[in-house]
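Trainee: I have a protein chain open on my screen and would love some help reading it. Could we go through its hollows together?

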Amino acid sequence: RHAPSELAERWRVLFRDVSVRGHAQLAEAAISSARLSSRGLTPIVLKGAPLSHRLYGDPTVRACTDIDLFIPAEDRLAARSVLIESGWCHYDGDLPWDESLERETWHGNFHLEIHSSLIHGRFSYLRLPHPESELIVLDGERHLRHAGDGLPAYLAMHLATHAFPPLLWLVDFSTLWDSLSEPERGAARRAADKAGLGRYLAWACRTAVAARLASEGRLRSQRRIGVNGDNRTNSHPVWRHVWLAPSPRAALSALRSWIAPPWVKGTPIQIAARVTTRILRHWRATLPRSRSPLVTTSTDDEFVSGWSDARVTHVAGRTMLEVVGEVVKEGGEMWIVTTGSSMQPTLAPGDRVLLSAAKGIRKNHIVLAAVNGQPILHRVVSAYGGTVTTRGDACETADTSILLTCVVARAVAMRNDRGVSSLDAGLRFGARALVGYARSRARLVIARLVIARRAEAKGIRAGNEGQCT
């Protein structure tokens, strides 16, 4: 009613596209759930379209980027087998963590995430039971939807875990909480206390009230949820988990899980090196209240000002290779977001990488290549006679050699919360980016020393075992 007609028309077009894709995504979820159920497995749909239907009476009124299924850990291998038979391809992750699959459809790539816990593995000091569920019918298909007294606490924890969570998530939680009767709210509080999430639930309720008042123009409430002019400010989630922990012991566990997550393993020297690398990489983000623009129309760095009106889209797998190939073929450059951890410490999941044409490929260049039809972003360790061998900075062994023609693009810069760093020894992106390049090279040297020592230790152990035999 209040928006300019041109903007309202853009919203209508966006809603149409979201709705079409949402119904297609819902159909994919129904097919996958039915096939899993036929094998004796009981997948529960978390968030997504079923939650949207409960909150707003329409499963596609809000966009969902993926399908989230809860499957107990003991059923994960069987579930993966069924889903791969159904056309899904492994994308990222594995037991005991979350796992992502993808599937190419007429409506683009769909992503499906399998979870065996309602919380991340870093929060093992909290004890959340398996989710309850209820049977619903959407678009004529049956789904098991996450339900029960523990749902509000789960959404509160999900909200607290993310830096700069979408404001829509606050609307979701507020809508759910407003729909509950007082006895239902009491049951939700008891379930949250039992799981150690009582403080999380109370925080989410206070934040949801502030969001509602902020939408009415209350400046104090806007500042409370971090909205200040054209920016949002937000503390690092680690401090939120420390503050909301149910006990001092849990608060220490929250801090320790950030410093040394459960996947940081190895000998004491290796653990110390990895923890040090992690702290050096992320400590700045934990100190100030970081900022994020509410509406991105330009960037702080002069060299990317030309991309301020670039179109943002979500592609992966073969589709991403095709898009990148077309862009660099026409002389353009393209930002992508990294997802894996094989290039740490140079690149971490969530870092943005600028891809350019694959010209003059040589040793130490980071390239995007097609391997069995899937993208891989690794460093070149040798390039000779029309073949290229790559290796991830965090990997002990090199990848299988590929033809030079399989290299789609070369990475020339990366961007994260610390700013832009060059991936080449040049001044194209400024002196500060060149300093970032030198810093990343130093981290790489340290990481390779750690990997070499680990390989050497394995060789010594294998030799000792042979002598004992």
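Mentor: Happy to! Keep in mind that this is a predicted model. Let us begin with the space that a probe cannot leave: Thr346, Met414, Arg418, Ser421, Ser422, Leu423, Gly436, Arg439, Ser440 and Arg443 line the largest cavity.

Trainee: How much space lies in the largest cavity?

Mentor: First, a cavity is counted here from 30 Å³ upward, and 2 cavities pass that rule. For the largest cavity, the space comes to about 50 Å³.

Trainee: Which element gives the most residues to the lining of the largest cavity?

Mentor: Two elements each supply at least two lining residues: strand E18, residues 419–422, and helix H13, residues 431–468. With 4 residues in the lining, the one that gives the most is H13.

Trainee: How many charged residues does the lining of the largest cavity have?

Mentor: Sort the lining by class. There are 2 nonpolar residues and 5 polar ones. Arg counts as charged, and Arg418, Arg439 and Arg443 are among the lining residues. The charged count is 3.

Trainee: What is the volume of space in the second largest cavity?

Mentor: Start with its walls, made by Thr346, Arg379, Leu423, Tyr437, Ser440, Arg441 and Leu444. Thr346, Leu423 and Ser440 also appear in the lining of the largest cavity. The space in the second largest cavity is about 40 Å³.

Trainee: Which helix gives the most to the lining of the second largest cavity?

Mentor: By class, this lining divides into 3 nonpolar, 2 polar and 2 charged residues. The greatest contribution is 4 residues, and they come from H13.

Trainee: Now for an open space: what volume does the second largest pocket have?

Mentor: This pocket has 18 lining residues, and Trp203, Thr207, Arg224, Asn234 and Arg240 lie nearest its centre. Helix H7 (198–215), strand E9 (231–234) and helix H9 (237–244) each bring at least two residues to the lining. By class the lining has 7 nonpolar, 6 polar and 5 charged residues. The volume is about 430 Å³.

Trainee: Is Asp172 buried or exposed?

Mentor: Asp172 is found in helix H5, which covers residues 167–179. Its relative accessible area is 7%, and the cut-off for buried is under 20%. Because 7% falls under that cut-off, Asp172 is buried.

Trainee: Which side chain does Asp172 join in a polar contact of 2.8 Å?

Mentor: Leaving out residues up to four places away in sequence, Asp172 touches Leu55, Tyr56 and Arg62. Of these, the partner in the 2.8 Å side-chain polar contact is Arg62.

Trainee: Which class fits Cys89: buried, partly exposed or exposed?

Mentor: Compare it with another cysteine: Cys205 has 17% relative accessibility and counts as buried. Cys89 has 37%, and values between 20% and 50% fall in the middle class. Therefore Cys89 is partly exposed.

Trainee: How many disulfides does the model have?

Mentor: The test is whether two cysteine sulfur atoms lie within 2.5 Å. By this rule the count is 0.

Trainee: To finish, what share of the protein chain's residues count as buried?

Mentor: The chain holds 13 helices and 18 strands. Among contacts between residues at least 6 apart in sequence, 60% join residues at least 24 apart. Of the 469 residues, the share that counts as buried is 43%.

Terms used:
Residues are numbered from 1 along each chain as its sequence is written. This is a predicted model: local features need pLDDT of at least 70, side-chain atom pairs count only at pLDDT 80 or more; totals for chains, interfaces and linings use all residues. Side-chain values use heavy atoms; hydrogens and water are left out. Buried means under 20% relative accessible area, exposed over 50%, partly exposed in between (1.4 Å probe, protein chains only). On a 1 Å grid over the protein atoms alone, a cavity is a set of points where a 1.4 Å probe fits but cannot get out, and a pocket is an open set with protein on both sides within 12 Å along at least five of seven lines; lining residues have an atom within 4 Å of a point. Grid points are joined across faces, edges and corners, and a volume is the space filled by probe spheres set on the points. A polar contact is a pair of N or O atoms within 3.5 Å; within protein, one must be able to donate a hydrogen and the other to accept it, and residues adjacent in sequence count only if both atoms are side-chain atoms. Contact means heavy atoms within 4.5 Å.
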